[in-house]
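Please open the model in your viewer and keep the sequence panel beside it. The tour below proposes one selection after another and says what each of them holds.

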Amino acid sequence: MSILVDSQTKVICQGITGNAGTFHTLGCRDYGTQMVGGVTPGKGGQNVEGIPVFDTVEEAVAETGANATMIFVPPPFTADAILEALDAGIKVIAAITEGVPVLDMVRVYEKVRASDSVLIGPNCPGLITPGQCKIGIMPGYIHNPGKVGVMSRSGTLTYEAVWQTSAFGLGQSTCVGLGGDPIVGTSFIDLFKLYEQDDQTEAILMIGEIGGSAEEEAAAYVKQHVSKPVAAFIAGRTAPPGKRMGHAGAIISGGKGTADEKVAALEDAGIVVAPTPADMGQAVVDAMKK
Amino acid sequence: MKIHEYQGKELFRAAGVPVLQGIVAKTPDEAAAAYEKLGGPIAVVKAQIHAGGRGKGTVIDNPEQHGVVLAKSADQARAAAEGLLGKKLVTIQTGPEGQTVNQVFVEAGCDIARELYLGIVLDRAVAKPVLMVSTEGGMEIETVAEETPELIHKEHFDPAVGLEAFQVRKLCKKLGISGAAAKAAAKFMPAMCRFYVDYDCELAEVNPLVITGDDQMIALDAKINFDNNALYRHPDVAKLRDLSEEEPSEVRASDAGLSYVKLEGNIGCLVNGAGLAMSTMDIIKYHGGKPANFLDVGGGANTDQVTEAFRILLSDPNVKGVLVNIFGGIARCTTIAGAVIEASKTVGFDVPLVVRLEGTEVEEGRKMLAESDVDIITATDITDAAKKIVAATGV
C-alpha cells in the first residue's frame, strides 16, 4: 500500500500545453505514471506527444476516468482550476503553481475541506509513491520504494531528505510536498492520519519550517494519535524575525513561529528532531530504534 | 509590499474609512504651508518611513527629535520637518542603522476621547481573515498579545460576505462602546474588512484607532501590507511602491526573479529552494559560520539569473566566501555548473567558492566544473560543504 496515489492512479495535467505543464507531464509519464490526459481551455482535440488534450476537466474525466490532477496553470487562474477539478470529482488535486493570491486560497480552502477530495499545495513539488506514481516536479530517480512517509513544506529540502533516507536503504512509501504558502490544502495532521493507517509506512519524517503553527499542532496530534516512529526537521533556525524567507509562509512575526518553539513542541511529543538538515536520515533511523 | 501612512490614508478615504485631513511635505517650507492650509490650531508632523514605532523612535545623533511631533504653529511644523527630513530615524522596527525620512505627513489634530487598536490579518489556523480589536490602543500589539491576550477580541469573517452586523455589536460590547460611537463602529469595522479584501491585504492595521469627543471613529494611523501575489489585480497599488524604502540589493534580486534577504554574516549562500536555502543558513551557523544572506534562485533558474545572483552576493563587502548548494529538481545541475563557470568569467571570484551539487544531471554538472579552470572547492554533502566554507573563510 501507500497513501493517496499508486500504480492505479490516472492523472491529468491542467495547463498541459504550457512549457512547464508539457515538460513535467512527460517527466511523470517517463517515470511510469499513468498520464491519461490534459486540459487547456480552447485546445481540446489536440494532443501532447500522444496525450489527449481536453477543453474542460469534466470532459477529461468522462473520457479518461482520471482521478488525480496536477495543476500548472498561471497563478491568477489556479483557484479556478482547483475548483474545476473539485467540481469534476477529482480525488487528488496537486497544485504546483507558485504565487497564488492568499485570498483566492481562502475561497478554495473551504470548498476543498467540505468535499472528499484532497488538495496538495499550492506552491508545492507534488507527491510521489516511488515506483508507482509521480505527480509533480520532483526528480524521480532519487526515490526508492520503501518504509518512510516523507512530508514537507519545502521542495528541495524534501529531495535532500529523500536522498538521505534512500542512502540509509529505507526508501519511501509516499512523499508529499505540502507547499510553502500560508494556506495549503493539506496539513501535516491530515497526512499523519493517512500514514498511521498505511501498512507500508513504518516511520514518518516531517519537514517543517519557521512561521505559522502547523508544526506545533502536528506535534500535539502525534502525541495523542500516532503510534509509528516520527522524526522531524525544522528549517530556519537562524532566520531573523520579520523577514520572509522565500515562502510567504516562512516568516517569524510577533515572536511567534520560531524554530525553537517548534522543536520544543516536537521533542515534547517524543519526536526525534534532526539538529541539522544533514541528519534527517539519521533521525529517522534513530526514531525507528526508539 | 508596504506603503507609507499617507498613501494608506488616501486609500482609506476612498474606501469610506474616516481619516483626518493631511498634506504630505518634502521640505520644511512645504510643511509650514501645510500647517497653514490645515488651519491649526494643532497639527501633527509625522515621519514617513516603512516602519512602525515612529512616535517613540528618534533621529540618529539627535535623541530629542522623535518621529511624530505635535506642532502648534507653522514655525513649529517647519522646525519639526527640518529635524526629520533627510535624517535617519531609528525605531524598534528599523534596526540600529535607521531609515532615511524623505517626506513628512502634516495632519490635522483632533479631540481624542479614546484610543483603540484595530488590525486585520489572515488566521492561518482556520484559513480565514480575522478582525482583531483591543482597548489597548497605541501599544505594541505584540506586547498586548503576550502580556494580556484577554484584551484582544477577535472575529473571523468570510471574505465574500464581510463582517456581519452582529459581529460589530459583539466587539463594541467588549470594547465598552455604545451610542453614537457604536454607530460609527458599525460603519468603520465593516469598511475596514471590505478594504482588506478589496485590496488583497496581508495586514491592515490602525493603531491607534480613535474615538473623538463627538463620537466619531477615525483611523489615526494606517499600516498596510499587500499580498505581492495579488498585486497584478491592483495596478494602482503597485504604483505606490517606494523603492527608496527597500534594501537595494533585495530590489535588484527581485527584479531578476530571485528571492534574496540580506543578513549580517560573511558567507554568501546561493541555493535552490526556500527550505533548502534556510537550512543551508542553519547548517553554516551550526558549524560556526555566519550566513551573509538568504538566496533562493528558484526552480527554473537560468544562467543569467545565477550570474546576477553571484553579482549580488559578491557586491556585499562583508562576503568572504560563497557556498553554492544545489539539489537539482527542475533546476539542472548542468545549468548551475554552466552559470558558475560563466559567472567566474564575467563577475570574477576573489573569495573562496564551495560548491555542492546533487540531483538532476549531477554527474555532467560535476564534470563541467572539474574540467573548467574555475578555482572551486567541491563538497560531497551539505555538512561537508558547510565545514569547508567555514574553514575557508577562516571564522
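Between which strand and which helix of chain B does the loop with Gly329(B) lie? Select Gly329(B) and follow the backbone both ways: the loop runs between strand 18 (321–328) and helix 11 (333–346) of chain B, where helices (H or I, at least four residues) and strands (E, at least two) are DSSP runs numbered from the N terminus.

Before going further, a note on conventions: residues are numbered from 1 along each chain as its sequence is written, and chains are lettered from A and ligands numbered from 1 in the order in which they are written. This is a predicted model, in which local features need pLDDT of at least 70 and side-chain atom pairs count only at pLDDT 80 or more, while totals for chains, interfaces and linings use all residues.

**Stop 1: the annotated site in chain B**

Extend the selection to Asn272(B), Gly329(B), Ile330(B) and Ala331(B), which an unreviewed UniProt entry lists under "binding site"; UniProt positions are given here in the numbering of the model, feature names are shortened, and such annotations may be inferred rather than shown by experiment. These residues are spread over 60 residues of sequence, yet they cluster in space, with a largest C-alpha distance of 9.8 Å. Asn272(B) is found in the loop between strand 16 (267–271) and helix 9 (274–286) of chain B. Asn272(B) counts as buried because 29 other C-beta atoms lie within 10 Å, and Gly329(B) is buried as well, with 21. The cut-offs behind this word are 20 or more other C-beta atoms within 10 Å of the residue's own for buried, 12 or fewer for exposed, and partly exposed in between, with C-beta atoms placed from the backbone.

**Stop 2: chain B as a whole, and Leu38(B)**

Now show chain B alone, which has 13 helices and 20 strands and whose C-alpha atoms fill a box of roughly 80 × 50 × 40 Å along the principal axes. Of its 395 residues, 47% are buried. Select Leu38(B), which is found in helix 2 (residues 28–38) of chain B and is buried, with 22 other C-beta atoms within 10 Å. Leaving aside neighbours within four places in sequence, Leu38(B) is in contact (C-beta atoms, placed from the backbone, within 7 Å) with Gln21(B), Ile23(B), Ala43(B), Val106(B) and Ala108(B). To cross the chain, draw a distance from Leu38(B) to Val362(B): they are 324 residues apart in sequence and 67 Å apart in space, C-alpha to C-alpha.

**Stop 3: the domains of chain A**

Turn to chain A and colour domain 1 (1–123) and domain 2 (138–290) separately; these bounds come from an automatic or database domain assignment. Their centres, taken over C-alpha atoms, are separated by 25 Å, and 18 residues of domain 1 are in contact with 19 residues of domain 2. On the domain 1 side, helix 4 (102–113) and strand 7 (118–120) are the elements that give two or more residues, and helix 4 gives the most, with 5 residues.

**Stop 4: the sheet of chain A**

Select the open sheet of 7 strands in chain A, whose order is 9-8-11-10-12-13-14 with mixed pairing; two strands pair if DSSP finds at least two bridges between them. Strand 9 (133–136) and strand 14 (272–273) are its edges, and each pairs on one side only. Inside the sheet, strand 10 (residues 145–152) runs parallel to strand 11 (residues 172–177), joined by 5 bridges, and Ser152(A) stands opposite Gly177(A) in strand 11.

**Stop 5: where the chains meet, and the cores**

Show both chains together: the contact takes 46 residues from chain A and 45 residues from chain B. On the chain A side, helix 4 and helix 5 (156–167) are the elements giving two or more residues.

Finish with the largest nonpolar core (a set of buried Ala, Val, Leu, Ile, Met, Phe, Trp, Tyr and Cys residues joined through C-beta atoms within 7 Å). Of its 155 residues, Ile93(A), Leu205(A), Ala231(A) and Leu295(B) touch the most other members, and helix 9 of chain B supplies the largest share, 8 residues. A second, separate core of 40 residues includes Val19(B), Ile120(B), Ala184(B) and Ile224(B).

Notes
Two residues are in contact if their C-beta atoms, placed from the backbone, lie within 7 Å.
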